[in-house]
Amino acid sequence: MTLQGWVSFKKHAAGFVYLASRRLAVPNNYKHVCLFSQSAANMAEEAKKLAAYAAVDNHIQARQLILQHGLTLSDLDRHPELDVAIDGADEVDKDLTLIKGGGGCLTQEKIVAGCAKHFVVIADYRKDSKALGQQWKKGVPVEVIPMAHVPVSRTIAKRFGGEANLRMAVSKAGPVVTDNSNFILDWKFEHAQNWKEVNTAIKMIPGVVETGLFVGMAERAYFGMEDGSVQVRDPAVN
């Protein structure tokens, strides 16, 4: 069984859960997936799936529910409060601060995460970092109003260093356009930052819609490892 896009299914009479992964397969023998005969790319993909299975199984007993109930497509207009949101990330640091938006859907993904009582991250071992930027080299995505992309880019570089470049489309001419009809800047920062303060400051720049920094939102991360195991990380206790 495969879940495509954002889907929800009934947990209780008034409870729903969103699985925000772009593709999440739940085979009957999901606890016994073997990674050792796969190529490097396939190994990473299978590792991420293992993390997804563990996250779903631990938080909502989804396998049994999926088998017992038909999946119901839904949206936040009808169900603005979610029990659990499960999504991937481009990078996860030791404090569970995330970089998301490599696929261009950062604003909608952050809205979904913000509507959930519990937000859980799934990733493969390549996304695990002690500090942001260690693994993910493409920068922090920032969604901007099209007319503001030049001044926003200059302001970010001036205030926080590095450079913020307009993301260009690969298969067609021109910049990438989000589902919200906006542009994306990829901010390649030069050094570690106070991500909570930077996130707030960037969002205050006129023309910025949202950032791909998810700070203090994830309560747990599951990492699928090369050897077929799954590692779990919770936020550090201060």
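**Salt bridges, rings and a helix crossing**

Let me begin with Arg 126, which has a relative accessibility of 42% and therefore counts as partly exposed, since that label covers values between 20% and 50%. Please keep in mind throughout that we are looking at a predicted model. The side chain of Arg 126 meets the side chain of Asp 124 in a salt bridge, with 3.0 Å from nitrogen to oxygen. Is Asp 124 buried or exposed? Asp 124 has a relative accessibility of 1%, and because buried means under 20%, it counts as buried.

With that pair in mind, let me step back to the protein as a whole. Its secondary structure comes to five helices and 15 strands, and of its 238 residues, 47% are buried. If we take the contacts with a separation of 6 or more, 72% of them are between residues that stand 24 or more positions apart.

Now I return to the salt bridges, of which eleven are counted in this model. Lys 100 and Glu 109 form one of them through their side chains, again at 3.0 Å from N to O. Here Lys 100 counts as buried, because its relative accessibility is 3% and the limit for buried is 20%, and Glu 109, at 11%, counts as buried for the same reason. These two residues do not stand alone, as salt bridges link Asp 87, Lys 100 and Glu 109 in a network.

Another salt bridge joins the side chains of Arg 220 and Asp 234, where the distance from N to O is 2.7 Å. Which parts of the chain does this pair link? Arg 220 belongs to strand β14, residues 220–224, while Asp 234 lies in the segment after β15, so described because β15 is the strand at 230–233, and the two residues are 14 apart in a pair that links distant parts of the chain. Arg 220 has 27% relative accessibility and counts as partly exposed, and Asp 234, with a relative accessible area of 38%, is partly exposed as well.

Next come the aromatic rings. A pair of such rings is described by two values, namely how far apart the centres are and what angle the planes make. The model has five aromatic pairs. One of them is Phe 119 with Phe 214, a tilted pair whose centres are 6.2 Å apart and whose planes are at 40°. This pair also links distant parts of the chain, with Phe 119 in strand β8, residues 116–124, and Phe 214 in strand β13, residues 213–214, which places them 95 residues apart. Both Phe 119 and Phe 214 are buried.

Trp 187 and Trp 195 make another pair, with ring centres 6.2 Å apart, and since their planes stand at 70°, which is over 60, the pair is edge-to-face. Trp 187 and Trp 195 are both buried, and ring pairs join them with Phe 160 and Phe 189 in a cluster.

Phe 160 brings me to my last topic, since the residue is part of helix α4 and takes part in its contact with helix α5. The axes of α4, residues 149–160, and α5, residues 195–203, come within 11 Å and cross at roughly 150°; the crossing is right-handed. Which residues make this contact? From α4 they are Ile 156, Arg 159 and Phe 160, and from α5 they are Val 198, Ala 201 and Ile 202. Sorted by type, the residues of this contact are five nonpolar and one charged, with no polar residue.

Conventions
Residues are numbered from 1 along each chain as its sequence is written. This is a predicted model: local features need pLDDT of at least 70, side-chain atom pairs count only at pLDDT 80 or more; totals for chains, interfaces and linings use all residues. Side-chain values use heavy atoms; hydrogens and water are left out. A salt bridge is a side-chain nitrogen of Lys or Arg within 4 Å of a carboxyl oxygen of Asp or Glu. Buried means under 20% relative accessible area, exposed over 50%, partly exposed in between (1.4 Å probe, protein chains only). Helices (H or I, at least four residues) and strands (E, at least two) are DSSP runs, numbered from the N terminus. Axes are lines fitted to C-alpha atoms, for helices over the stretch in contact, and angles run from 0 to 180 degrees between N-to-C directions. A crossing is left-handed if the near helix is turned anticlockwise from the far one by less than a right angle, and right-handed if clockwise. Contact means heavy atoms within 4.5 Å. Ala, Val, Leu, Ile, Met, Phe, Trp, Tyr, Cys and Pro count as nonpolar, Asp, Glu, Lys and Arg as charged, and the others, Gly among them, as polar. Rings of Phe, Tyr and Trp (its six-membered ring) pair if their centres lie within 6.5 Å; planes under 30 degrees apart count as stacked, over 60 as edge-to-face and the rest as tilted.
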